[in-house]
Amino acid sequence: MKNDIQRYVVADTCTEAPGIVTLSLTQNDNTVPSCAPGQFINVFFPETKTPEGKAYSISSAPNKKTLSITVRGIGEFSNRLCAMGPGDTVRASLPYGFFRPEREDSDVVMLAAGIGITPFRSIIHTAAQYRSKRRMTLLHTVRTAPDAIFRKEFETLRRQFPGLALSYFVTRQTETPSYATPRRMNADDVLPHIGTMANTEFLLCGSIPFTRDMWRALKQKGIPADAIYTEAFFSH
(Lines give C-alpha, C1' and ligand atoms only; values in the text may rest on other atoms or scores of the structure.)
Protein backbone atom coordinates (compact mmCIF):
# COMPACT_ATOMS: atom_id res chain seq x y z
CA MET A 1 0.00 0.00 0.00
CA LYS A 2 2.81 2.42 0.79
CA ASN A 3 3.94 2.23 -2.85
CA ASP A 4 0.66 3.95 -3.72
CA ILE A 5 1.08 6.95 -1.43
CA GLN A 6 -0.10 10.15 -3.08
CA ARG A 7 0.20 13.79 -2.13
CA TYR A 8 -3.28 15.25 -1.92
CA VAL A 9 -4.16 18.94 -1.79
CA VAL A 10 -7.06 20.20 0.32
CA ALA A 11 -9.33 21.95 -2.17
CA ASP A 12 -12.05 22.88 0.33
CA THR A 13 -13.34 22.14 3.82
CA CYS A 14 -16.84 22.10 5.28
CA THR A 15 -17.82 21.95 8.95
CA GLU A 16 -20.69 19.45 9.10
CA ALA A 17 -21.25 19.76 12.86
CA PRO A 18 -19.16 20.85 15.86
CA GLY A 19 -15.93 18.84 15.64
CA ILE A 20 -16.80 17.18 12.31
CA VAL A 21 -15.17 18.38 9.10
CA THR A 22 -15.33 17.23 5.48
CA LEU A 23 -12.09 17.70 3.55
CA SER A 24 -12.34 17.73 -0.25
CA LEU A 25 -9.08 16.53 -1.77
CA THR A 26 -7.45 16.45 -5.18
CA GLN A 27 -4.14 15.14 -6.43
CA ASN A 28 -1.41 17.61 -7.44
CA ASP A 29 -2.70 17.73 -11.02
CA ASN A 30 -6.27 18.55 -9.87
CA THR A 31 -7.50 15.04 -10.65
CA VAL A 32 -8.79 12.38 -8.30
CA PRO A 33 -8.05 8.64 -8.34
CA SER A 34 -10.79 6.26 -9.39
CA CYS A 35 -12.71 4.77 -6.50
CA ALA A 36 -15.81 2.73 -5.69
CA PRO A 37 -18.55 3.42 -3.13
CA GLY A 38 -17.57 2.30 0.35
CA GLN A 39 -13.80 2.49 -0.10
CA PHE A 40 -11.27 4.28 2.13
CA ILE A 41 -7.88 5.96 1.97
CA ASN A 42 -5.04 5.54 4.44
CA VAL A 43 -3.69 8.88 5.70
CA PHE A 44 -0.04 9.13 6.74
CA PHE A 45 1.68 11.51 9.13
CA PRO A 46 5.10 9.81 9.34
CA GLU A 47 6.33 12.04 12.15
CA THR A 48 3.55 10.88 14.50
CA LYS A 49 3.50 7.82 16.73
CA THR A 50 1.40 6.01 14.11
CA PRO A 51 3.66 5.76 11.05
CA GLU A 52 1.49 3.01 9.56
CA GLY A 53 -1.27 5.57 9.00
CA LYS A 54 -4.99 5.66 9.71
CA ALA A 55 -7.89 4.71 7.45
CA TYR A 56 -10.72 7.14 6.62
CA SER A 57 -13.80 6.23 4.61
CA ILE A 58 -14.45 8.18 1.41
CA SER A 59 -17.67 10.15 1.85
CA SER A 60 -17.98 11.44 -1.72
CA ALA A 61 -19.45 9.52 -4.63
CA PRO A 62 -17.18 8.35 -7.46
CA ASN A 63 -16.87 10.58 -10.52
CA LYS A 64 -16.80 13.77 -8.45
CA LYS A 65 -14.15 16.43 -9.05
CA THR A 66 -12.85 15.98 -5.51
CA LEU A 67 -12.42 13.03 -3.17
CA SER A 68 -13.86 13.72 0.28
CA ILE A 69 -13.26 12.30 3.72
CA THR A 70 -15.38 13.34 6.69
CA VAL A 71 -13.54 13.39 10.00
CA ARG A 72 -14.53 13.70 13.65
CA GLY A 73 -11.81 15.44 15.65
CA ILE A 74 -10.86 12.76 18.19
CA GLY A 75 -7.19 12.01 18.72
CA GLU A 76 -3.96 13.15 17.12
CA PHE A 77 -4.66 12.16 13.53
CA SER A 78 -8.23 13.38 13.29
CA ASN A 79 -7.60 16.69 15.05
CA ARG A 80 -4.73 17.36 12.70
CA LEU A 81 -6.93 16.70 9.69
CA CYS A 82 -9.76 18.83 11.05
CA ALA A 83 -7.36 21.77 11.43
CA MET A 84 -6.36 21.71 7.75
CA GLY A 85 -7.47 24.34 5.26
CA PRO A 86 -7.49 24.90 1.50
CA GLY A 87 -4.01 24.59 0.02
CA ASP A 88 -2.66 22.31 2.74
CA THR A 89 -1.30 18.95 1.63
CA VAL A 90 -1.59 15.49 3.10
CA ARG A 91 -0.03 12.16 2.19
CA ALA A 92 -2.49 9.32 1.70
CA SER A 93 -2.97 6.11 -0.23
CA LEU A 94 -5.05 5.40 -3.28
CA PRO A 95 -8.58 4.16 -2.50
CA TYR A 96 -8.87 0.60 -1.17
CA GLY A 97 -11.41 -1.78 0.28
CA PHE A 98 -14.76 -3.37 -0.46
CA PHE A 99 -17.69 -2.28 1.70
CA ARG A 100 -20.83 -2.20 -0.40
CA PRO A 101 -23.59 -4.53 -1.56
CA GLU A 102 -22.31 -7.56 -3.43
CA ARG A 103 -25.43 -7.96 -5.56
CA GLU A 104 -26.95 -5.48 -8.00
CA ASP A 105 -30.59 -6.28 -7.31
CA SER A 106 -30.71 -6.77 -3.53
CA ASP A 107 -32.44 -4.60 -0.97
CA VAL A 108 -29.88 -2.89 1.26
CA VAL A 109 -30.20 -2.03 4.96
CA MET A 110 -27.45 0.26 6.26
CA LEU A 111 -26.85 0.69 10.01
CA ALA A 112 -24.59 3.56 11.08
CA ALA A 113 -23.42 4.85 14.44
CA GLY A 114 -22.08 8.40 14.61
CA ILE A 115 -19.32 9.12 12.11
CA GLY A 116 -19.89 5.63 10.70
CA ILE A 117 -22.32 7.33 8.33
CA THR A 118 -19.47 8.36 6.00
CA PRO A 119 -19.26 5.37 3.62
CA PHE A 120 -23.05 5.30 3.31
CA ARG A 121 -23.06 8.83 1.91
CA SER A 122 -20.98 7.58 -1.00
CA ILE A 123 -23.18 4.49 -1.46
CA ILE A 124 -26.46 6.46 -1.36
CA HIS A 125 -25.26 9.19 -3.73
CA THR A 126 -24.08 6.57 -6.19
CA ALA A 127 -27.43 4.75 -6.11
CA ALA A 128 -29.29 8.03 -6.67
CA GLN A 129 -26.92 9.07 -9.47
CA TYR A 130 -27.61 5.87 -11.40
CA ARG A 131 -31.33 5.92 -10.59
CA SER A 132 -31.14 2.57 -8.87
CA LYS A 133 -34.41 0.65 -8.55
CA ARG A 134 -33.31 -1.13 -5.38
CA ARG A 135 -34.73 -0.42 -1.94
CA MET A 136 -32.24 1.15 0.45
CA THR A 137 -32.83 1.86 4.14
CA LEU A 138 -30.53 3.90 6.36
CA LEU A 139 -30.77 3.74 10.15
CA HIS A 140 -28.45 6.22 11.89
CA THR A 141 -27.92 6.38 15.66
CA VAL A 142 -26.26 9.50 17.12
CA ARG A 143 -25.75 11.10 20.49
CA THR A 144 -27.31 14.46 19.64
CA ALA A 145 -29.24 15.77 16.65
CA PRO A 146 -26.35 17.82 15.20
CA ASP A 147 -24.36 14.59 14.95
CA ALA A 148 -26.79 13.36 12.30
CA ILE A 149 -24.63 14.86 9.56
CA PHE A 150 -25.87 14.69 5.96
CA ARG A 151 -29.49 14.32 7.16
CA LYS A 152 -30.85 17.23 5.12
CA GLU A 153 -28.82 16.09 2.15
CA PHE A 154 -30.33 12.60 2.43
CA GLU A 155 -33.82 14.07 2.75
CA THR A 156 -33.28 15.86 -0.56
CA LEU A 157 -31.97 12.67 -2.15
CA ARG A 158 -35.01 10.77 -0.89
CA ARG A 159 -37.24 12.99 -3.01
CA GLN A 160 -35.13 12.05 -6.04
CA PHE A 161 -34.65 8.40 -5.04
CA PRO A 162 -38.01 6.93 -3.91
CA GLY A 163 -36.39 3.67 -2.85
CA LEU A 164 -34.54 5.37 0.03
CA ALA A 165 -35.93 5.23 3.58
CA LEU A 166 -34.39 7.07 6.53
CA SER A 167 -34.64 6.44 10.27
CA TYR A 168 -32.80 8.27 13.09
CA PHE A 169 -32.13 7.57 16.75
CA VAL A 170 -30.86 10.16 19.28
CA THR A 171 -29.50 8.86 22.58
CA ARG A 172 -28.24 11.81 24.64
CA GLN A 173 -30.53 14.77 24.12
CA THR A 174 -33.28 15.93 26.43
CA GLU A 175 -35.59 17.07 23.62
CA THR A 176 -35.52 14.77 20.62
CA PRO A 177 -36.45 16.18 17.19
CA SER A 178 -39.66 14.88 15.64
CA TYR A 179 -37.78 12.94 12.96
CA ALA A 180 -35.84 10.84 15.50
CA THR A 181 -36.52 8.14 18.09
CA PRO A 182 -35.17 9.01 21.59
CA ARG A 183 -33.20 5.82 22.32
CA ARG A 184 -30.55 3.51 20.96
CA MET A 185 -31.13 1.53 17.81
CA ASN A 186 -31.74 -2.18 18.23
CA ALA A 187 -32.28 -5.18 15.97
CA ASP A 188 -36.07 -4.95 16.27
CA ASP A 189 -35.87 -1.56 14.53
CA VAL A 190 -34.30 -3.27 11.53
CA LEU A 191 -36.87 -6.04 10.99
CA PRO A 192 -39.69 -3.88 9.52
CA HIS A 193 -37.32 -2.76 6.76
CA ILE A 194 -36.64 -6.27 5.51
CA GLY A 195 -38.63 -7.20 2.43
CA THR A 196 -37.44 -10.68 1.52
CA MET A 197 -34.71 -12.02 3.82
CA ALA A 198 -33.05 -13.89 0.95
CA ASN A 199 -32.78 -10.69 -1.07
CA THR A 200 -31.51 -8.29 1.60
CA GLU A 201 -27.93 -7.32 2.40
CA PHE A 202 -26.95 -5.57 5.64
CA LEU A 203 -24.08 -3.10 6.03
CA LEU A 204 -22.96 -2.04 9.54
CA CYS A 205 -20.50 0.78 10.20
CA GLY A 206 -19.50 2.36 13.49
CA SER A 207 -17.44 1.69 16.58
CA ILE A 208 -16.24 -1.82 17.37
CA PRO A 209 -18.86 -2.29 20.16
CA PHE A 210 -21.66 -1.06 17.88
CA THR A 211 -20.79 -3.31 14.95
CA ARG A 212 -20.15 -6.30 17.21
CA ASP A 213 -23.39 -5.92 19.17
CA MET A 214 -25.56 -5.24 16.12
CA TRP A 215 -24.02 -8.17 14.23
CA ARG A 216 -24.83 -10.50 17.11
CA ALA A 217 -28.35 -9.12 17.50
CA LEU A 218 -29.13 -9.49 13.80
CA LYS A 219 -27.83 -13.04 13.86
CA GLN A 220 -30.13 -13.81 16.80
CA LYS A 221 -33.05 -12.53 14.68
CA GLY A 222 -32.27 -15.11 12.05
CA ILE A 223 -30.31 -13.01 9.59
CA PRO A 224 -27.55 -15.13 7.99
CA ALA A 225 -23.98 -14.08 8.73
CA ASP A 226 -23.02 -14.07 5.07
CA ALA A 227 -25.57 -11.31 4.43
CA ILE A 228 -24.06 -8.97 7.06
CA TYR A 229 -21.02 -6.85 6.17
CA THR A 230 -19.25 -4.78 8.82
CA GLU A 231 -16.75 -1.97 8.96
CA ALA A 232 -15.56 -0.87 12.40
CA PHE A 233 -13.30 2.00 13.36
CA PHE A 234 -11.07 3.04 16.21
CA SER A 235 -10.94 6.57 17.66
CA HIS A 236 -8.30 8.40 15.67
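This is a short tour of two pockets, one helix and some cysteines in a predicted model.

**Stop 1: the largest pocket**

Start by selecting A113, I115, G116, S207 and F233. These are the residues closest to the centre of the largest pocket, out of 33 that line it. The space inside is about 1000 Å³.

Now colour the elements around that space. Strand 4 (54-57), strand 5 (67-72) and strand 8 (136-142) each supply at least two lining residues. So much for the lower numbers; further along the chain, strand 11 (200-207), helix 5 (208-220) and strand 12 (228-233) also give at least two each.

What classes of residue make up the lining of the largest pocket? Colour by class and you will find 16 nonpolar, eleven polar and six charged residues.

**Stop 2: the second largest pocket**

Next, select P37, P101, E104, T126 and R134. They lie nearest the centre of the second largest pocket, which has 14 lining residues. Its volume is about 330 Å³.

Which element gives the most to this lining? Show helix 2 (residues 118-129): it contributes three residues. By class, the lining of the second largest pocket holds seven nonpolar, two polar and five charged residues.

**Stop 3: helix 3**

Move to helix 3, residues 151-160. Show the side chains of R151, F154, E155 and L157, which are buried. Then turn the view to look down the helix axis. The buried residues fall within an arc of 165 degrees, so they line one face of helix 3. The spacing has a general background: an α-helix has 3.6 residues a turn, so residues three or four places apart point the same way.

What does the buried side of helix 3 pack against? Bring up helix 2, strand 8 and strand 9 (164-170); the buried residues pack against these elements. Helix 2 is the element you met at the second largest pocket, and strand 8 helps to line the largest one.

Now select K152, R159 and Q160. They sit on the other side of helix 3, and they are exposed.

**Stop 4: the cysteines**

Finish with the sulfur atoms. How many disulfides does the structure hold? The count is zero. Select C14 and C82 to look at one case. C14 is in no disulfide, and the sulfur of C82, the nearest cysteine sulfur to it, is 12 Å away. C14 is partly exposed, because its relative accessibility is 38%.

Then select C35 and C205. The closest cysteine sulfur to that of C35 is in C205, at 16 Å, which is too far for a bond.

Definitions and conventions. Residues numbered from 1 in each chain as written. Predicted model: local features only at pLDDT ≥ 70, side-chain atom pairs only at ≥ 80, totals over all residues. Heavy atoms only, no water. Disulfide = S-S within 2.5 Å. Buried < 20%, exposed > 50% of the residue type's maximum accessible area, 1.4 Å probe, protein only. 1 Å grid on protein atoms, 1.4 Å probe; cavity = no way out; pocket = protein on both sides within 12 Å on 5 of 7 lines; lining within 4 Å. Points joined across faces, edges and corners; volume = space filled by probe spheres on them. Helix = DSSP H or I, 4+ residues; strand = E, 2+ residues; numbered from the N terminus. Nonpolar A, V, L, I, M, F, W, Y, C, P; charged D, E, K, R; others polar. Arc of directions from axis to C-beta. Contact = heavy atoms within 4.5 Å.
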